[in-house]
Amino acid sequence: QVQLVESGGGLVQAGGSLRLSCAGSGSIRSINVMNWYRQAPGKQRELVATIDSDGGTDYEDSVKGRFTISRDNAKNTAYLQMNSLKPEDTAVYYCNARLVWSMDGREYDYWGQGTQVTVSS
C-alpha cells in the first residue's frame, strides 16, 4: 500500500506564508513527478506546481515568484512554500505523485487527501 499525506495548511492573513508538505509512505520504489493541485469552491482543480525527478520545476502563472516547490527524495516528500499569499489562493491543496510501486515495478498515480488553505483579506 502507498499513502500520500499532506500537512501544513491553515488560516493566514494576506501577505503571509505557509509551507505545505506531502509525505509518501509504503511500498514506493521511486517517485518520478510530484505535483501540487488546488481546488477552490465552485472551480475546477488546477495544477499549481510540478517537480520532476531531476528537480526541474514548473508553475502556474499566478503563483510564479511567490510559490516554490521542492522535494526530498530520501524522504519521499515534496514541499510547497507559499509566500505573499492572496485571498484568491484560498483552496484545498492536493498532492499528486506519479510513482513506481515496488511490488510490481509499474508506475501509478496517487493522491493525498487534501489540506485546506484559507487566506483572509
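**Side-chain contacts in the predicted model**

The backbone oxygen of Lys75 lies 2.9 Å from a polar atom of the Thr77 side chain, a polar contact in the sense of N or O atoms within 3.5 Å, one able to donate a hydrogen and the other to accept it, with residues adjacent in sequence counted only if both atoms belong to side chains. The model is predicted, so local features are restricted to pLDDT of at least 70 and side-chain atom pairs to pLDDT 80 or more, whereas totals for chains, interfaces and linings draw on all residues. Residues are numbered from 1 along each chain as its sequence is written, and side-chain values use heavy atoms, without hydrogens or water.

Thr77 belongs to strand E8 (residues 77-82); strands (E, at least two residues) and helices (H or I, at least four) are DSSP runs numbered from the N terminus. With a relative accessible area of 8%, Thr77 is buried (buried is under 20%, exposed over 50% and partly exposed in between, for a 1.4 Å probe and protein chains only). Beyond its neighbours within four places in sequence, Thr77 is in contact with Cys22, Ala23, Met34, Ser70, Arg71 and Asp72, contact being heavy atoms within 4.5 Å.

A second buried site is Glu6, located in strand E1 (residues 2-7). Glu6 has no salt bridge, and Arg45, the nearest side chain of opposite charge, is 7.8 Å away; for this purpose Lys and Arg are positive and Asp and Glu negative, with His and the chain ends not counted. The Glu6 side chain does, however, reach the backbone nitrogen of Gln113 at 2.9 Å, and one of its polar atoms lies 2.8 Å from the backbone nitrogen of Gly114. When residues up to four places away in sequence are set aside, the residues touched by Glu6 include Cys22, Trp36, Tyr94, Cys95, Gln113 and Gly114.

Arg45 is also placed against aromatic rings. Arg45 lies over the face of Tyr94, at 3.8 Å from the ring centre, and its charged end sits over the ring of Trp111, 4.9 Å from the centre of that ring. The criterion requires NZ of Lys or CZ of Arg within 6 Å of the ring centre and within 35 degrees of the ring normal.

The whole structure contains 2 aromatic pairs. In one of them, Tyr37 and Trp111 are tilted, at 4.9 Å centre to centre with 50° between the planes. This pair links distant parts of the chain, since Tyr37 lies in strand E4 (residues 28-39) and Trp111 in strand E10 (residues 107-111), 74 residues apart. Trp111 is partly exposed because its relative accessibility is 37%. Trp101 and Tyr108 form an edge-to-face pair, at 6.0 Å centre to centre and 85° between the planes. Both members are partly exposed, Trp101 at 24% relative accessibility and Tyr108 at 30%. Rings of Phe, Tyr and Trp (its six-membered ring) are paired if their centres lie within 6.5 Å, planes under 30 degrees apart being stacked, over 60 edge-to-face and the rest tilted.

Side chains of opposite charge can pair when their charged atoms come close. The count is 6 salt bridges, each a side-chain nitrogen of Lys or Arg within 4 Å of a carboxyl oxygen of Asp or Glu. Arg38 and Asp89 meet in one such bridge (3.0 Å, N to O). Arg38 lies in strand E4 and Asp89 in the loop between E8 and strand E9 (91-101), so this bridge ties together parts 51 residues apart in sequence. Arg38 and Asp89 are both buried. Asp89 is also bridged to Arg66, with closest N and O atoms 2.8 Å apart. Here the link runs from the loop between strand E6 (57-59) and strand E7 (67-72), which holds Arg66, to the loop between E8 and E9, which holds Asp89, across 23 residues. Arg66, like Asp89, is buried.

Arg98 and Asp109 form a further salt bridge, with closest N and O atoms 3.6 Å apart. Arg98 in strand E9 and Asp109 in strand E10 are 11 residues apart. Arg98 is partly exposed at a relative accessible area of 35%, as is Asp109 at 44%. Through shared partners, salt bridges join Arg38, Glu46, Glu60, Arg66 and Asp89 into one network.

Ala40 is found in the loop between E4 and strand E5 (46-52) and is buried, with a relative accessible area of 19%. Ala40 and Ala91 are 51 residues apart in sequence but 4.2 Å apart in space, C-alpha to C-alpha. Outside the residues up to four places away in sequence, Ala40 touches Thr90 and Ala91.
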